[in-house]
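Trainee: I would like to take a close look at a single part of this model and then follow its connections outward. Could you walk me through it with care?

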Amino acid sequence: MTVPRLVIAAPSSGSGKTTVATGLMAAFTERGLAVSPHKAGPDYIDPGYHALATGRPGRNLDSFMSGPELIGPLFAHGSAGCDLAVVEGVMGLYDGAAGRGELASTAQVAKLLRAPVVLVVDASSQSRSVAALAHGFASFDPQVRIGGVILNKVGSDRHEVMLQEALEEAGMPVLGVLRRVPQVAAPSRHLGLVPVAERRADALASVAALAEQVRAGCDLEALMALARTAPPLDCEAWDPARVPGGEAWHVPAADAGPRPVVAVAGGPAFTFSYAEHAELLTAAGARVVTFDPLRDEALPAGTAGLVIGGGFPEMYAPELSANAPLRAAVAAFAASGAPLAAECAGLLYLAGSLDGKPMCGVLDADARMSDRLTLGYREAVAISDSPLALAGTRLRGHEFHRTVIDPSAGDAPAWGFTHPERRVEGFVRGGVHASYLHTHWAAQPSVAWRFVAAARAAGSASGSGSDVR
């Protein structure tokens, strides 16, 4: 496949990658191009802004969680039929999983995609030194092709001239110059930007302002020409309907019976999910229905499986607690033995309380906000059989939270972490699997198939929860 593509990287976090990447996505979309948005790394929030800019699902490319071998296929799946793909990097260009070399770095993703890199440089506190910085990044790994620089936070016309002269001397093309425009910045809090779902109208205005800024300051023709220099990728697109080794994982066929209804929590409190999860559930035979725990007082009709992913329930604890009818419905659903997968925010929602506010009471545990950020990749093994995985299943994921839950694990833990630290975590009880660990099911499609099979069985046993269409 051949899709013109760019990787937007930077020397460090805070340089303006999200500003530039989102602005480029919006600017090219406004020109009538079908733009495929991607984010290197596990972050859930930036893809929401990418989706707003392009009208297409924002997709993650994380070589730690999915394995390097899936980066090309996942990219091909997301960018099929598009005119351009833009990949926003993570952290600094060469930063990746701690102690693992280039693994999960933007540089590795760029090499796997054979994509040219545009380096976004915060020029606010430098002039001629920008040439040394760009030269160092371009020469550090000869397999990473840096096609040019976009200068961000440039202070004045004179400052711009000095920067341009230095980079011209170094032979590095300048593809854009952006001045300081603080009003374009999106608000942040303890885990990064505020998600789109919580500020949609303001987010739309921010994306429009970013597009205007990029149009005015960047050479879109030169950037598109650079994107077209990316050579073809020799890989097949990832297919959610294909489960490698399905028989070995005891995965039933997707057409094994009526389509069970799988309810997926959404709305402002539960915004963290990977697009491939819903695609996998659908391919496995489910009918996916979204509901909002802040507004809906009942689960979707006929729910036979329930997925409550990540987000910010700590920001909405009073509202979630006030929705007593839904809390009771979730508790009753869990008690029925039907499959319920809860991840991070979902774990907190199933707890007895969150910051003193009553939650669903499914777990004999209480959660609260903490001053400590828990962040990092994890290697895990399933400790207990559950609707997601058989005991012994190994996969990779990440933790990203400023909350704690006491106790941190039940009598039947969900996961045993093997790296970077050894500990058990999470809860498995009946059909409930609740954990802080975020996982990318594309790396282990059997997870979705097992879950849908459990939902189908639960729906059949109760005489409801299926869609025969």
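Trainee: Which residues form one aromatic cluster together with Tyr44?

Mentor: The model is a predicted one, and what follows should be read in that light. The aromatic cluster that contains Tyr44 is made up of Tyr44, Phe272, Tyr274 and Phe312. Across the structure, the count of aromatic pairs comes to 7. One of them is formed by Tyr44 and Tyr274, whose rings are stacked, with 4.4 Å from centre to centre and 20° between the planes. Tyr44 belongs to the loop between E2 and helix H2 (45-54), whereas Tyr274 belongs to the loop between strand E10 (259-265) and helix H9 (275-283), so this pair ties together parts of the chain that are 230 residues apart in sequence. Both partners can be placed by their accessibility: Tyr44, at 7% relative accessibility, counts as buried, and Tyr274 is buried as well, with a relative accessible area of 3%.

A second stacked pair is formed by Phe64 and Tyr377, with 4.3 Å between the ring centres and 25° between the planes. This pair, too, links distant parts of the chain, since Phe64 lies in the loop between E3 and helix H3 (71-79) and Tyr377 in strand E16 (residues 366-382), 313 residues apart. Phe64 and Tyr377 are both buried. The ring of Phe64 has a further partner in Arg396, whose charged end sits over that ring at 4.4 Å from its centre.

The loops of Tyr44 and Phe64 lead back to the strands E2 and E3, which are members of an open sheet. This sheet has 7 strands in the order E3-E2-E4-E1-E5-E6-E7, with parallel pairing. Its edges are strand E3 (59-61) and strand E7 (174-179), each of which pairs on one side only, and the twist from one strand to the next averages 25°. Strand E2 (residues 35-40) and E3 run parallel and are joined by 3 bridges, and within this part of the sheet Ala40 stands opposite Leu61 in E3. Helix H8 (residues 220-227) lies across strand E1 (5-9), strand E4 (84-88), strand E5 (117-122), strand E6 (146-154) and E7, and runs at about 110° to E1.

Helix H1 (residues 17-30) can be described next. H1 has 14 residues and reaches 20 Å from its first C-alpha to its last, close to the 20 Å expected at 1.5 Å a residue. Of the 14 residues of H1, 10 are buried, so the helix is largely enclosed by the rest of the structure; among the buried ones are Val20, Leu24, Met25 and Phe28, and Lys17 is also included. Just after H1, Gly32 takes a positive phi of about 95°.

Tyr377 leads in the other direction, to the strands that pair with E16. Strand E14 (residues 353-354) runs parallel to E16 and is joined to it by 2 bridges, with Asp366 in E16 as the bridge partner of Ser353. With strand E17 (residues 394-406), E16 pairs in the antiparallel sense over 12 bridges, and here Gly376 has Glu399 in E17 as its bridge partner. Strand E18 (residues 415-419) is likewise antiparallel to E16, through 4 bridges, and Ala380 has Phe417 in E18 as its bridge partner.

The loop of Tyr274 adjoins E10 and H9, and both of these elements meet helix H13. The buried residues of H13 pack against E10, H9, strand E12 (303-308) and strand E13 (340-343). These buried residues include Val447, Trp449, Phe451 and Val452, as well as Arg450 and Arg456. The 17 residues of helix H13 (residues 446-462) should span 24 Å at 1.5 Å a residue, and the end C-alpha atoms are 24 Å apart, which agrees.

One last position is Ala331, which is placed in helix H11 (residues 324-335). At 26% relative accessibility, Ala331 counts as partly exposed. Leaving aside residues up to four places away in sequence, Ala331 touches Cys360 and Val362. The C-alpha atoms of Ala331 and Leu113 are separated by 45 Å, and these two residues are 218 residues apart along the chain.

Key. Residues are numbered from 1 along each chain as its sequence is written. This is a predicted model: local features need pLDDT of at least 70, side-chain atom pairs count only at pLDDT 80 or more; totals for chains, interfaces and linings use all residues. Side-chain values use heavy atoms; hydrogens and water are left out. Two strands pair if DSSP finds at least two bridges between them. Axes are lines fitted to C-alpha atoms, for helices over the stretch in contact, and angles run from 0 to 180 degrees between N-to-C directions. Contact means heavy atoms within 4.5 Å. Rings of Phe, Tyr and Trp (its six-membered ring) pair if their centres lie within 6.5 Å; planes under 30 degrees apart count as stacked, over 60 as edge-to-face and the rest as tilted. Buried means under 20% relative accessible area, exposed over 50%, partly exposed in between (1.4 Å probe, protein chains only). A charge sits over a ring if NZ of Lys or CZ of Arg is within 6 Å of the ring centre and within 35 degrees of the ring normal. The expected span of a helix is 1.5 Å times one less than its number of residues.
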